[in-house]
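Hi there,

Here is the structure I promised to pass on. Have a look at it first, and then read my notes below.

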Amino acid sequence: MTFWVHYVIPPGAAGNGMPVPAGDDVIVFARTIDVDSGERTVEFSVFAAGDGFQIATDIDCTALLRGDAEEVAVVRAVDAWVVDCALRAVRIHELLLYRWHEVCSESHRSSIEALLRWLTAQDPSEDYWKPLG
């Protein structure tokens with residue numbers, strides 16, 4: 001089973017460069033990212049999550065956690081793009097993201113502070129998540 005890298009954009013953090021879907025729409029696009037080994041095309045899906053947004057990618061989080069040099073370089077490049085598009089973001093392993101939605105209340109789902117507290121409690125070393133921006 002493969003898990004993917006996601007980004008959570010808190011309410012009010014989306015900037016001018018971020019594609020913002022209307023309502024419950026999902027924006028799907030591919031972007032070519034420059035990495036050390038050349039170029040890599042990454043697929044993105046952007047959708048509303050509470051009062052903020054979530055970005056799903058096709059980056060293999062398992063390879064990232066193994067320290068695969070190419071995946072690490074791709075994630076760093078995508079991190080930079082996300083931070084350029086949003087004032088703050090959290091990069092998160094898909095498995096933790098699903099677990100968060102299972103255990104939290106509806107009111108907590110849109111709270112970036114609650115998410116950060118929960119993530120820190122689950123993974124204090126930030127192997128599965130990282131705050132950006």
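Below are some notes on one helix, one residue and the cavities.

This is a predicted model, where local features need pLDDT of at least 70 and side-chain atom pairs count only at pLDDT 80 or more, while totals for chains, interfaces and linings use all residues. Residues are numbered from 1 along each chain as its sequence is written, and side-chain values use heavy atoms, with hydrogens and water left out.

Let's start with helix H2, residues 69–85 (helices are DSSP runs of H or I, at least four residues, and strands are runs of E, at least two, numbered from the N terminus). Its 17 residues should span 24 Å at 1.5 Å a residue, and the end C-alpha atoms are 25 Å apart, which agrees; the expected span is 1.5 Å times one less than the number of residues. At the N-terminal end, Asp 68 caps H2, with a side-chain oxygen 3.2 Å from the backbone nitrogen of Glu 70.

Next, find Gln 54 in strand S4 (residues 52–60). Is Gln 54 buried or exposed? Gln 54 is buried, with a relative accessible area of 7% (buried means under 20%, exposed over 50%, partly exposed in between, with a 1.4 Å probe and protein chains only). Residues that Gln 54 touches (heavy atoms within 4.5 Å) include His 6, Tyr 7 and Leu 97.

Finally, look at the lining of the largest cavity: by class, 10 residues are nonpolar, 5 polar and 2 charged. Here Ala, Val, Leu, Ile, Met, Phe, Trp, Tyr, Cys and Pro count as nonpolar, Asp, Glu, Lys and Arg as charged, and the others, Gly among them, as polar.

Enjoy exploring!

How values were computed
Polar contact = N/O pair within 3.5 Å; in protein donor to acceptor, adjacent residues only side chain to side chain. Lists of a residue's contacts leave out its neighbours within four places in sequence.
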